[in-house]
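This report goes through a protein model step by step, from its layout to single residues. Keep the sequence and the structure in view while reading.

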Amino acid sequence: MRVPNSVVLPVGTHVDCCQGQEVAEKTQDIMARITAMLAERKSNLAHFINNLEGSEEPKCYVDQWERLKEMESCTLTILNLIAVNCTDHCDIKKLEASILKHVKNEELFPEVVRVLPPVYRRVEAAIVGIAQSEEMADHGMMDLQYLLSKLSQCEHLAGLGRELLQDILRYLHRIGLVVWYEEIKHLENTVFLQPTFLITMFKLLVRHHLVQQLESIS
C-alpha cells in the first residue's frame, strides 16, 4: 500500500483442509474483504487530507499533507486469488506458472521489457559467484565498500564505481536477488547477498506465539 504501482497476488493455502464448496466460498470472501479494506483505506486517506486542508493553520501540516497525498497516489493492483494445496507438488508448479505468467505481463510490469546495460549482467553474475563461494559467511552480509572492492577484482569490472554499483544494487534489490536497505541509516552500508537468511531470521523473531514463549522462560 506504500509502494507505487504495487501488484499483489493473494495466495490461499491449506486447500487440503477444505471441503466441497469451501474453497470457492472462502476465495470470494477473501477477495471481498480485500476490496472493502482498500475502499476503507481510500476513504480514510481522503478524510485525513480534508481535515488537514480544513485546519486553522494548514501550513503547519504541509509535511503530513504531502505524505498523505503521496500515499493516496500509490495504486495497488490486486490479482485474482490462487488457492493451492501446499502438499501437492502439482499445485506448487501451477502457482509458479501463474506467477511467471503475471510477471511477463507488460501491462502489469512495464519494465519487464527494459534492456539492461551489459555491466548489469556482469555485476549480477559476479555477485552470485561471491554469494556461492566458500568464503562467504552463511548470513551473506557484506560491507558495501568491501563488495565494491571484490567486484573490482573481477574481469571487465575494474572500472566499476560506487555510484554505478548502487544503481545496480537498486535493480537487484527490486528483483529480489539481494537485499539492500539504503534508506535505513544503520544498514545503508550493508548488502545482504543471501535474502533467505533474513527470511529465516524473521521467522524466528516474528511469530504469533513469540510473547508466550518469552514469558515461559524463567
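Helices (H or I, at least four residues) and strands (E, at least two) are DSSP runs, numbered from the N terminus. The model is predicted, and local features need pLDDT of at least 70, side-chain atom pairs count only at pLDDT 80 or more, while totals for chains, interfaces and linings use all residues. Residues are numbered from 1 along each chain as its sequence is written, and side-chain values use heavy atoms, with hydrogens and water left out.

**Layout**

The protein contains eight helices and six strands. Along the sequence they follow the pattern β-β-α-α-β-β-α-α-β-α-α-β-α-α. The radius of gyration, taken over C-alpha atoms, is compared here with a globule rule of 2.2 Å times the number of residues to the power 0.38. The protein is more spread out than a compact globule, because its radius of gyration is 22 Å, well over the 17 Å that the rule gives for 218 residues. Along the principal axes, the C-alpha atoms fill a box of roughly 60 × 55 × 55 Å.

Accessible areas come from the Shrake-Rupley method with a 1.4 Å probe; for residues, only the protein chains shown count as cover. The protein exposes about 15600 Å², and carbon and sulfur atoms supply 56% of this area. A residue is buried under 20% relative accessible area, exposed over 50%, and partly exposed in between (1.4 Å probe, protein chains only). Of the 218 residues, 25% are buried.

**Cores and contacts**

A nonpolar core is a set of buried Ala, Val, Leu, Ile, Met, Phe, Trp, Tyr and Cys residues joined through side-chain atoms within 4.5 Å. Which residues touch the most other members of the largest core? Among its 25 residues, these are V123, I127, L147, L151, L169 and L193. Helices α4 (118-132), α5 (144-152) and α6 (162-174) each supply at least two residues of this core, and the largest share, seven residues, comes from α4.

Contact means heavy atoms within 4.5 Å. Not counting residues up to four places away in sequence, I127 touches L147, L151, L169, L172, V178 and L193. A second, separate core has five residues, including L45, L52, L68 and M71.

Contacts can also be sorted by distance along the sequence. Among those between residues at least 6 apart, 58% join residues at least 24 apart.

**Single residues**

S6 lies in strand β1 (residues 6-8). S6 counts as buried because its relative accessible area is 14%. Leaving aside neighbours within four places in sequence, S6 is in contact with T75, L76 and T77.

The next table lists three residues placed in loops.

| Residue | Loop | Relative accessible area |
|---|---|---|
| H14 | between β2 (11-12) and α1 (22-53) | 51%, exposed |
| H156 | between α5 and α6 | 59%, exposed |
| E183 | between α6 and β6 (190-192) | 60%, exposed |

Most residues other than glycine have a negative phi. H14, which is not a glycine, has a positive phi of about 65 degrees. H156 is also a residue other than glycine, and its phi is positive, near 70 degrees.

How many residues apart in sequence are E183 and P4? The two are 179 residues apart in sequence and 16 Å apart in space, C-alpha to C-alpha.
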